2 protein chains.
Amino acid sequence: MLVRIEPTSDAPLFEQIAASIRSDAAAGRLRAGDRLPTARDVAAALDVNLHTVLRAYQDLRDEGLVDMRRGRGAIITDAVVALADLRNEIDELVARSRHLGVSPELLTSLVKEIAHDR
Amino acid sequence: MLVRIEPTSDAPLFEQIAASIRSDAAAGRLRAGDRLPTARDVAAALDVNLHTVLRAYQDLRDEGLVDMRRGRGAIITDAVVALADLRNEIDELVARSRHLGVSPELLTSLVKEIAHDR
DNA sequence: GGCTTGTTCTATTTGATATAGAATAATCTC
DNA sequence: GAGATTATTCTATATCAAATAGAACAAGCC
């Protein structure tokens with residue numbers, strides 16, 4: 001499994017790392033029970049600090065996508081199944097939003113608000 | 001029109017202001033051509049800095065939801081129509097996501113990534 | 001001309017980001 | 001059980017972006 005970051009992107013490193021893994025999960029390239037590479041390995045491979053990778057992993061844990069334990073590493077949870085199910089619907093929503101001329105920023109902001117309300 | 005902020009929320013003020021207006025727009029409480037209260041009025045009413053309100057307004061402009069010009073103020077664009085159309089679909093996606101046990105954070109992150117990709 | 005309104009400039013404070021080192025505790029392997 | 005592995009926690013620091021703030025400016029309106 002390969003974690004990718006964009007050196008030109010202005011998004012924080014830890015967000016890029018998390019996004020890379022989220023993306024793989026939603027695309028079906030990661031399955032429940034799969035182990036992520038250890039934070040130390042990723043840090044070495046990308047030449048970033050261990051804490052930066054762990055911050056990304058912890059965000060993924062907060063989202064419920066991975067399970068973490070010391071000595072064992074980070075493991076993809078069952079949430080990945082639901083995620084793959086949702087993926088098509090998200091694609092459709094994004095496509096429809098684009099067709100209506102609604103900007104990605106506006107769509108994203110609204111989904112965020114509605115998802116967190118109540 | 002009433003702009004609301006949550007003093008207890010840890011979300012930035014400008015985001016709360018933008019969210020309040022976005023929410024009104026998506027719910028149909030704002031229509032194309034409607035004028036937002038002037039930034040100075042909102043700043044006075046909420047007792048926040050003028051720049052904080054303008055930052056919120058400028059974000060809404062970047063999203064395409066309002067049109068701004070000096071001397072005239074901030075006016076809701078046609079994008080509000082598409083937004084009301086999308087609202088139901090977003091509600092459904094959020095409901096389905098919740099039913100599948102996917103956290104709001106994970107859903108939001110994924111929508112953001114998919115909407116901004118390509 | 002005078003008022004209103006967003007825009008721009010400069011400045012400061014606060015918080016997030018990223019890095020670093022070291023100690024710790026749970027888990028696995030042999 | 002011994003040792004290695006791995007995430008966790010703690011302290012610390014340098015850098016950069018976010019957020020707030022005051023004042024002057026320029027476009028639009030009556």
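Visitor: Which elements of chain A and chain B each supply at least two residues of the surface near DNA strand C?

Guide: A residue is near a strand if its C-beta atom, placed from the backbone, lies within 6 Å of it. Helices (H or I, at least four residues) and strands (E, at least two) are DSSP runs, numbered from the N terminus. Here, chain A supplies at least two residues from each of α1 (13-26) and α3 (50-62), while chain B does so from each of α2 (39-46), α3 (50-62), β1 (66-69) and β2 (73-76). This is a predicted model, in which local features need pLDDT of at least 70 and side-chain atom pairs count only at pLDDT 80 or more, while totals for chains, interfaces and linings use all residues. Residues are numbered from 1 along each chain as its sequence is written, and chains are lettered from A and ligands numbered from 1 in the order in which they are written.

Visitor: Which residues are the closest to DNA strand C, and which to DNA strand D?

Guide: Around DNA strand C there are 22 residues, the closest being A:Pro12, A:His51, A:Thr52, A:Gly71 and B:Arg70. DNA strand D is also surrounded by 22 residues, and the closest there are A:Arg70, B:Pro12, B:Leu13, B:Asn49 and B:Gly71. For the surface near DNA strand D, α3(B) gives the most, with 3 residues.

Visitor: How do the residues of the surface near DNA strand D divide by class?

Guide: Ala, Val, Leu, Ile, Met, Phe, Trp, Tyr, Cys and Pro count as nonpolar, Asp, Glu, Lys and Arg as charged, and the others, Gly among them, as polar. The surface near DNA strand D has 8 nonpolar, 8 polar and 6 charged residues.

Visitor: How many residues does each chain bring to the contact between chain A and chain B?

Guide: Two residues are in contact if their C-beta atoms, placed from the backbone, lie within 7 Å. Chain A brings 37 residues and chain B brings 37 residues. On the side of chain B that touches chain A, the elements giving two or more residues are α1 (13-26), α4 (79-99) and α5 (104-116) of chain B. The largest share of that side, 13 residues, comes from α5(B). By class, that side has 19 nonpolar, 8 polar and 10 charged residues.

Visitor: Which residues of α3(A) are buried, and why are they on the same side?

Guide: A residue is buried if 20 or more other C-beta atoms lie within 10 Å of its own, exposed if 12 or fewer, and partly exposed in between. An α-helix has 3.6 residues a turn, so residues three or four places apart point the same way. In α3(A), the buried residues are A:Val53, A:Ala56, A:Tyr57, A:Asp59 and A:Leu60. They are on the same side of α3(A) because they cover an arc of only 155° around the axis, taken from the directions from the helix axis to the C-beta atoms. What covers them includes α1, α2, β1 (66-69) and β2 of chain A. Just after α3(A), A:Gly64 takes a positive phi of about 90°.

Visitor: Is A:Ile21 buried or exposed?

Guide: A:Ile21, in helix α1 of chain A, counts as buried because it has 26 C-beta neighbours inside 10 Å. Leaving aside neighbours within four places in sequence, A:Ile21 is in contact with A:Val3, A:Leu36 and A:Leu60. A:Val3 is 18 residues apart from A:Ile21 along the chain, and their C-alpha atoms are separated by 6.8 Å.
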